[in-house]
Protein chains: 4
Amino acid sequence: MHNEGTMQGFLFPRTATGRASLIPSPPWHYSGDLLTVEYRTDPERVAELLPEPLTPVPENEDPGAVAIIWADWQSCSDSAEELLDPVRAQYKECFVVVRCAFEGRTYSRCVYIWVDKDFAIARGLHQGYPKKLGSIHQTRPHPYGKAAPRIAPGARFGATLAAADRRLAEVVITLQTPSDTAGFVNGHPMAHHRFLPSIELGQPPTLDELIESGGASFEGGQAWRGTADLTLHDSPAEELARLEVREPIAAYFRQVGVVWNGGKHLA
Amino acid sequence: MHNEGTMQGFLFPRTATGRASLIPSPPWHYSGDLLTVEYRTDPERVAELLPEPLTPVPENEDPGAVAIIWADWQSCSDSAEELLDPVRAQYKECFVVVRCAFEGRTYSRCVYIWVDKDFAIARGLHQGYPKKLGSIHQTRPHPYGKAAPRIAPGARFGATLAAADRRLAEVVITLQTPSDTAGFVNGHPMAHHRFLPSIELGQPPTLDELIESGGASFEGGQAWRGTADLTLHDSPAEELARLEVREPIAAYFRQVGVVWNGGKHLA
Amino acid sequence: MHNEGTMQGFLFPRTATGRASLIPSPPWHYSGDLLTVEYRTDPERVAELLPEPLTPVPENEDPGAVAIIWADWQSCSDSAEELLDPVRAQYKECFVVVRCAFEGRTYSRCVYIWVDKDFAIARGLHQGYPKKLGSIHQTRPHPYGKAAPRIAPGARFGATLAAADRRLAEVVITLQTPSDTAGFVNGHPMAHHRFLPSIELGQPPTLDELIESGGASFEGGQAWRGTADLTLHDSPAEELARLEVREPIAAYFRQVGVVWNGGKHLA
Amino acid sequence: MHNEGTMQGFLFPRTATGRASLIPSPPWHYSGDLLTVEYRTDPERVAELLPEPLTPVPENEDPGAVAIIWADWQSCSDSAEELLDPVRAQYKECFVVVRCAFEGRTYSRCVYIWVDKDFAIARGLHQGYPKKLGSIHQTRPHPYGKAAPRIAPGARFGATLAAADRRLAEVVITLQTPSDTAGFVNGHPMAHHRFLPSIELGQPPTLDELIESGGASFEGGQAWRGTADLTLHDSPAEELARLEVREPIAAYFRQVGVVWNGGKHLA
């Protein structure tokens with residue numbers, strides 16, 4: 001007698017026990033350090049990344065603002081078992097966020113993102129983050145020795161992104177002062193699409209769903225504000241460099257703890 | 001004026017031009033070497049991996065047969081541009097196939113698969129392969145020197161699979177004779193599920209679609225048959241070792257060229 | 001007119017400018033977190049790793065004591081430029097230390113070590129560490145969120161080592177109390193061999209030098225002591241598992257800053 | 001009673017059994033595919049990479065000729081056991097060769113080289129190749145499917161090199177005709193330095209030895225000649241781009257089998 005509709009596992013591969021699932025069920029917990037660089041690009045370059053029914057934010061709300069964010073994470077499920085086998089808990093990511101409007105509300109939207117583990121790709125499938133693999137590095141603060149900045153005025157952090165053996169972005173951030181915020185571009189609920197083409201040629205997509213999600217809870221340390229020297233590089237397989245830097249806004253460092261636990265269907 | 005429903009790209013990230021899409025549109029072309037190991041496990045262990053409405057094949061059709069297959073691929077879209085930037089064309093995979101029945105027809109079904117590139121993960125999303133990242137290696141034949149087997153009787157090939165820094169499978173295959181087939185377990189159209197949970201907690205899955213697909217065209221060299229010494233290792237995050245080796249069937253080597261170009265919705 | 005004896009660079013490749021050297025000149029600065037696990041193995045297994053003129057420490061000085069240490073580092077030269085391109089500064093390592101005696105003095109000696117960057121391999125050539133590549137992970141403490149331990153009683157850290165797609169060691173450490181030390185096995189100057197075979201077959205080694213080195217300066221935070229559950233796995237290409245765990249001693253966590261700046265020739 | 005001068009192993013880590021040595025004793029066997037691109041650069045840029053007592057080849061012997069070579073290898077020791085655990089046998093490399101003269105004889109000399117495995121780095125230590133880690137890819141020929149060239153006129157091969165997340169070189173080669181040679185720059189015995197600084201600051205190098213080595217035996221298939229479109233990229237940690245392309249010479253493809261079995265001390 002075979003399995004009768006009892007496949008287990010939050011995501012594939014689904015099995016009788018669910019143990020092999022690439023990711024466990026939410027909630028998902030994250031502890032990590034964020035480096036955020038905000039700048040202005042041509043607002044048209046932002047607008048062209050917003051599918052209907054999303055619209056750009058109004059002219060007077062800085063529609064060309066972009067945040068590129070590096071994050072060095074540990075993450076786990078409620079069991080926290082991944083933390084004791086840290087190859088399954090640690091990952092790094094670099095992602096690009098713009099803002100948009102939907103039904104009169106402002107949302108953040110991740111338009112590009114690179115991560116370095118498969119479980120992070122899988123979470124992105126669920127959350128609507130358009131994840132690719134990349135090689136991501138960011139300077140870590142440390143309290144001892146000369147091989148790390150302290151978290152203090154003048155501290156300098158480097159961060160880089162590469163994919164397919166090409167460097168796509170690099171930045172040097174210099175901290176200046178404590179800050180009330182860690183930026184404004186990534187500060188709204190996320191409006192993301194979950195998309196999958198039809199398996200049949202020429203048919204409409206099987207899935208093209210607009211969802212909303214955001215952190216279920218958040219804690220963080222003192223945010224710091226500073227300046228950034230950001231360079232984007234072109235690649236035949238990427239379009240990040242189209243979001244060219246017209247005007248720097250600011251850069252931020254913050255250590256945070258976040259919980260993610262589902263979202264809602266919008267359209 | 002912003003983008004009006006003209007987002008391009010076969011998969012995410014979708015943009016105005018489509019250039020950044022993680023994968024281009026099918027057809028997808030593959031050239032590579034396959035090592036196939038077939039064996040019998042407990043038929044109940046196969047059955048428990050088959051969600052309704054799939055059923056095991058009948059008792060007299062070897063329902064416990066399993067194929068574990070290593071493949072060393074180059075792949076590209078119709079443009080073939082990936083072949084000239086081979087980091088975007090080359091990948092390796094190890095996958096596990098069983099058979100099942102649906103509406104009176106026999107299908108093959110991939111129950112586990114590991115690959116080493118993100119574009120291969122992305123194709124699997126579309127095709128219903130439950131892909132994880134792994135580290136996959138297989139001996140390559142070569143016509144010169146002592147550091148490779150020739151394709152001939154007595155040739156020996158090793159193949160290994162690891163994920164999350166644990167070795168999951170290893171095999172040594174010894175070729176014996178030319179063969180009319182390269183096995184029977186992976187010889188049917190694939191019956192796969194495409195699955196995505198609801199973004200809302202406690203709701204039914206957003207996507208749980210049964211699809212069929214297979215090669216749009218195929219060419220291959222002489223298949224070879226031989227013997228295999230296969231070992232599976234357990235891991236806290238995998239269930240491959242549940243498909244324990246009860247009885248070896250045979251092993252095969254074959255060089256092939258394949259085209260994939262879509263499938264069809266079954267249920 | 002060509003270069004007349006003016007090749008620059010601390011190590012290969014040496015060039016007219018020295019810029020391409022795999023590593024810059026010392027001093028080398030390190031900031032990082034250390035997880036140390038001390039245990040007793042069969043003293044004969046330690047002794048067999050000590051070439052003449054080194055001898056084991058006396059029976060009453062715990063000659064079977066072994067330390068296996070995980071470290072998560074940032075490192076840089078005096079210029080500190082690597083810190084702003086952190087792919088060139090960050091690396092992880094796992095290394096195994098025993099003690100020995102030479103001319104009446106006790107030394108520590110690294111008998112096995114795995115790192116994950118080439119610049120770390122290169123420093124090891126200079127310092128006499130027998131480095132291989134590995135995949136090394138250790139839990140990081142973090143002040144926010146549930147995906148990291150705080151540095152406090154009960155904090156649990158996992159650490160793993162793999163090489164050639166096989167897991168070689170894994171440990172879970174639980175912190176108990178602040179400690180005056182971070183262990184005793186790795187507490188002496190290092191006595192290492194630098195070894196290179198003759199390019200000519202059957203000739204004595206070109207280099208077989210005994211050297212001493214140690215930190216030029218050190219600072220560190222509060223050390224913590226706890227317990228460890230360590231497992232070693234065998235591999236056809238490794239001998240770590242010969243240093244079998246007979247009796248646990250203790251485990252330690254400490255954040256440190258270290259400078260290395262040369263050593264001296266012993267024999 | 002401890003080990004009395006009986007440490008085993010061709011290279012570190014040396015042990016009582018020798019099993020853990022990063023590499024086994026020569027002879028070393030190689031089977032693989034070579035893509036060679038030859039071009040002329042400023043002869044002064046070649047000369048500045050030649051330490052005394054090496055001199056450039058004479059003006060009438062093309063002293064600015066450079067070969068950049070991609071190789072996709074399997075390799076093993078006499079036991080050939082590595083071939084059945086192919087993660088220990090397969091590696092790729094990209095290396096740059098110039099010519100020089102010593103005591104009236106012409107030598108080839110590898111001035112830069114990147115590999116992707118630690119055992120390949122270790123062999124380079126012995127042979128005097130100045131190896132770094134890199135990410136190396138080259139198109140593979142295959143007899144079936146559209147995702148690979150056949151070895152024939154018009155076949156196109158791409159090859160790329162990256163290190164530290166930056167692309168350093170990329171080429172597209174188009175085969176034209178069978179050829180009697182696979183180039184002239186890498187056709188001589190190699191004259192390499194083996195170099196290690198003193199462990200003591202300010203002292204002369206411990207090792208600065210000029211050696212000669214070459215293949216102990218060789219077999220190969222038909223060489224093919226064609227054209228190449230080569231681009232070199234700069235990096236803060238590399239000097240490859242100083243060997244700028246002034247004039248293309250030719251490009252070659254060849255499948256080879258090679259044995260290496262020691263060399264001799266020159267100076």
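Which side chains meet in a salt bridge at 3.7 Å, N to O? They are those of C:Asp234 and D:Arg19. The legends below describe close-up views of a predicted model.

**Figure 1. The contact between chain C and chain D.** Chain C contributes 71 residues to this contact, and chain D contributes 71 residues. The two chains bury about 6100 Å² between them. Carbon and sulfur atoms account for 64% of that area. Four salt bridges are found across the interface of chain C and chain D. One of the salt bridges joins C:Asp234 to D:Arg19. Polar contacts between chain C and chain D number 28 residue pairs, both residues at pLDDT 80 or more.

**Figure 2. The side of chain C that touches chain D.** Among the pairs of this interface is the salt bridge of C:Asp234 and D:Arg19. Two helices of chain C each supply at least two residues to this side: helix 1 (43–47) and helix 2 (118–127). The strands of chain C that do so are strand 4 (105–115), strand 5 (131–133), strand 9 (190–196), strand 10 (207–220) and strand 12 (247–265). Which element of chain C gives the most? Strand 12 does, with six residues. By class, this side of chain C holds 33 nonpolar, 17 polar and 21 charged residues.

**Figure 3. The rotation axis that relates chain C and chain D.** A turn of 180° and a shift of 0.0 Å along the axis lay chain C on chain D. The RMSD of that fit is 0.0 Å. The two copies are thus related as by a two-fold rotation axis. Which residue of chain C comes closest to the rotation axis? C:Leu207 does, with its C-alpha at 3.9 Å. Of the interface residues of chain C, 100% are also interface residues in chain D, so the copies meet through the same surface.

**Figure 4. The contact between chain B and chain A.** Here chain B gives 71 residues and chain A gives 71 residues. About 6100 Å² is buried between chain B and chain A. Of this area, 64% lies on carbon and sulfur atoms. How many salt bridges cross the interface of chain B and chain A? There are four. One of the salt bridges pairs the side chains of A:Arg166 and B:Asp85 at 3.2 Å, N to O. Polar contact links 28 residue pairs across the interface of chain B and chain A, with both residues at pLDDT 80 or more.

**Figure 5. The side of chain B that touches chain A.** The salt bridge of A:Arg166 and B:Asp85 belongs to this view. Elements of chain B that give two or more residues here include helix 1 (43–47), helix 2 (118–127) and strand 10 (207–220). Strand 12 (247–265) of chain B is also one of them. Strand 12 of chain B makes up the largest share, six residues. The residues on this side of chain B are 33 nonpolar, 17 polar and 21 charged.

**Figure 6. Cis peptide bonds in chain B and chain D.** Most peptide bonds are trans. The bond from B:Glu52 to B:Pro53 is cis, with omega near 10°. B:Pro53 sits in the loop between helix 1 and strand 2 (65–77) of chain B. In chain D, the bond from D:Phe12 to D:Pro13 is cis, with omega near -15°. D:Pro13 belongs to the segment before strand 1 (28–40) of chain D.

**Figure 7. Positive phi at B:Asp62 and D:Asp62.** Most residues other than glycine have a negative phi. B:Asp62 is not a glycine, yet its phi is positive, about 65°. B:Asp62 lies in the loop between helix 1 and strand 2 of chain B. D:Asp62 is not a glycine either, and its phi is also positive, about 65°. D:Asp62 occupies the loop between helix 1 (43–47) and strand 2 (65–77) of chain D. Is D:Asp62 buried or exposed? D:Asp62 counts as buried, because its relative accessibility is 19% and the cut-off is under 20%.

**Figure 8. Helix 2 of chain D.** Helix 2 spans residues 118–127 of chain D. Of its 10 residues, 10 are buried, so helix 2 is largely enclosed by the rest of the structure. Among the buried residues are D:Phe119, D:Ile121, D:Arg123, D:Leu125 and D:His126. Just after helix 2, D:Gly128 has a positive phi of about 80°.

**Figure 9. The surroundings of A:Thr160.** A:Thr160 is part of strand 7 (residues 156–163) of chain A. A:Thr160 is buried, at a relative accessible area of 2%. Leaving out residues up to four places away in sequence, A:Thr160 touches A:Trp70, A:Ser135, A:Ile136, A:His137, A:Arg167, A:Ala169 and A:Glu170, together with C:Asp85 of chain C.

Notes. Residues numbered from 1 in each chain as written. Chains lettered and ligands numbered in written order. Predicted model: local features only at pLDDT ≥ 70, side-chain atom pairs only at ≥ 80, totals over all residues. Heavy atoms only, no water. Contact = heavy atoms within 4.5 Å. Buried area = accessible area lost by both parts, 1.4 Å probe. Polar contact = N/O pair within 3.5 Å; in protein donor to acceptor, adjacent residues only side chain to side chain. Helix = DSSP H or I, 4+ residues; strand = E, 2+ residues; numbered from the N terminus. Nonpolar A, V, L, I, M, F, W, Y, C, P; charged D, E, K, R; others polar. Buried < 20%, exposed > 50% of the residue type's maximum accessible area, 1.4 Å probe, protein only. Least-squares fit on C-alpha atoms with pLDDT ≥ 70 in both.
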